[in-house]
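This report describes selected features of a single protein chain for the bench biochemist. It considers charged pairs, strand pairing and the surroundings of one helix.

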Amino acid sequence: MPDQSNINLISNLIKKEIESYENKIETSDVGSVVSIGDGIATIYGLDKAMYGELLLFKHGVYGMVMNLEEDSIGAVILGRDTEIYEGDEVKRTGRVVSVPVGDALLGRVVNALGQPLDGLGEIQNDGFMPIEAPAPAIMDRQPVNEPLETGIKAIDSMIPIGKGQRELIIGDRQTGKTAIAIDTIINQKGKDVICIYCAIGQKNSTIAQIVDKLKSFDALKYTVIVNASASESAPMLYVAPYAATTIAEYWEKKGKDVLVVYDDLSKHAVAYRALSLLLKRSPGREAYPGDIFYLHSRLLERACHLSAELGGGSITALPIVETQAGDISAYIPTNVISITDGQIFLKTELFNAGQRPAIDSGLSVSRVGSAAQIKAMKSVAASIKIELASYAELLDFSRFGSDLDQVTKNVLRHGAVLMEVLKQKQYSPLTMEDEIVDIFIAQNKLIDDIPIDKIHETLVSISLYIHNHMPEVYTDIKETRLLSDETKKKIQTAVNDVRTGMQR
């Protein structure tokens, strides 16, 4: 029979050996790749890794922790995964995924990690900020009450956007969604608003055209392009809008006003769906994961108007969502509609009929409304949406009846004139004063008897006449933000003078 003391001694020795052996295997900071494919790596080890932490693979390739399992970690590769193999060593960096921020980014084209894509050399940034950040608390915000001028008559009059607002631009492909966003960026020239255009899943040739167009309008100097093109991996498309928002927050915290365009969140959702399925997360409706709403809500909630105590800066978000055959009630569109403060709905039928921008005034809405308009615009634009709704209703009715009374004819005529006045070519944003004068003329039926094809020519002539002979009209509106009775009389005089001259 063995001695009990010997048994205890041997068991203690075995325990010590096991403990010393376990201490040699340090899995908290270094791990190894178990499997790799489709931009997803499964990693053994890294016991202390954080969700969203940046990981360093061989050859300087970075990844981001997305899944924390009991015995492994799921990470997405930020870049090419062709140089990563099973068994490769992976290291923690101890920091979450961050992007460079600072004034040096202005005028540059960068990828989702803030690395330059324009061949203009390294960016001397002012530091790094994490791509994920909590949205400002309710008490840290103030009401949206200052207009962000788009230079587009149809938007500034009917669907005003305020600094700190989140306004969705939604419609089928090729209906002018990006055109509205680019015109809005061009219109910020001289208004002390920094712009960020985040391209998600766009063609590189399209981005090159946008960069050239912004350069030609001298708008690139106050704009940052964050480009996660269609040729990039899904993780880069996923990261891009959060990186763009972080870049914007740097200036927002300095009291600046920033405009961010996300073009578009439909492709962002698809990229996230691909990641989630590859990470073996449970699919739900239309194979999207259960947290697809949170994907966009935690992004767009960061856009707001900060309180005066925090500097009063703002981020205005213009997310773009693509619909299929005008189905505004689909899963992703309804998700983003419920997160934003209104939507600008672009209708294919209007676009094909030559109405540019093709804005459906019935389905488009701004939940901030007239709070984001100056008093002069409020006074002239108050009834436009109602008048256009009456026009659309009577237009459908008139197709079935041949005999129309004079009142109906007048409503149809006025509606047709309004639609023509609201037409606007791309890359030609107007000043707020020009918009107010045009809408005042239309609303007071001063040009209702002019042939439709002559309306634009007439408005241009009136604008030139006022600029040359009555510049105080525009100056008065700009300085007082009101439309006085005296100014109204001068506009009416200008209309009469121009029309008399045209009739000679």
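Asp 29 has a relative accessible area of 40% and is therefore partly exposed. The model in which this value was computed is a predicted one. Asp 29 takes part in a salt bridge with Arg 92, and their closest N and O atoms are 3.2 Å apart. The two residues come from distant parts of the chain, 63 residues apart: Asp 29 lies in the loop between α1 (4-24) and β1 (30-37), and Arg 92 belongs to strand β6 (residues 89-96). Arg 92, with a relative accessible area of 22%, is also partly exposed.

**Salt bridges**

Across the whole structure, the search finds 22 salt bridges. Side chains of opposite charge can pair when their charged atoms come close. The table gives three of the pairs, including the one described above.

| Pair | Closest N and O atoms |
|---|---|
| Arg 92 and Asp 29 | 3.2 Å |
| Glu 146 and Lys 163 | 3.2 Å |
| Lys 267 and Asp 264 | 2.9 Å |

The salt bridge between Glu 146 and Lys 163 ties together parts that are 17 residues apart in sequence, because Glu 146 lies in the loop between β9 (128-130) and α2 (153-158), while Lys 163 lies in the loop between α2 and β10 (168-171). Glu 146 is partly exposed, at 34% relative accessibility. Lys 163 has a relative accessible area of 9%, and since buried means under 20%, Lys 163 is counted as buried.

A buried and a partly exposed residue also meet in the pair of Lys 267 and Asp 264, where Asp 264 is buried at 3% relative accessibility and Lys 267 is partly exposed at 28%. Elsewhere, Arg 141, Arg 166, Glu 301 and Asp 341 are joined into one network by salt bridges that share partners.

**Strand pairing around β1 and β2**

Strand β1, which follows the loop that holds Asp 29, pairs with β6, the strand of Arg 92. This pairing is antiparallel and runs over three bridges. Within it, Ser 32 stands opposite Glu 89 of β6.

β1 also pairs with strand β2 (residues 40-45), again in the antiparallel sense, over six bridges. Val 33 faces Ile 43 of β2 as its opposite residue, and Gly 37 has Ile 40 as its bridge partner in β2. The two strands form a hairpin with two residues between them, and in this hairpin Asp 38 takes a positive phi near 55°.

The pairing continues from β2 to strand β5 (residues 73-78): these two run antiparallel and are joined by four bridges. Here Thr 42 is placed opposite Gly 74 in β5. As a general point, the side chains in a regular strand alternate between the two faces of the sheet.

**Surroundings of helix α7**

Which residues of α7 are buried? They are Ile 292, Leu 295, His 296, Ser 297, Arg 298, Leu 299 and Leu 300. Helix α7 (residues 292-300) is thus mostly covered, with seven of its nine residues buried. The elements that cover these buried residues include the helices α5 (234-252), α6 (265-278) and α8 (331-339), together with the strands β13 (257-263) and β14 (314-322).

Terms used
Residues numbered from 1 in each chain as written. Predicted model: local features only at pLDDT ≥ 70, side-chain atom pairs only at ≥ 80, totals over all residues. Heavy atoms only, no water. Buried < 20%, exposed > 50% of the residue type's maximum accessible area, 1.4 Å probe, protein only. Contact = heavy atoms within 4.5 Å. Salt bridge = Lys/Arg side-chain N within 4 Å of Asp/Glu carboxyl O. Pairing = 2+ DSSP bridges.
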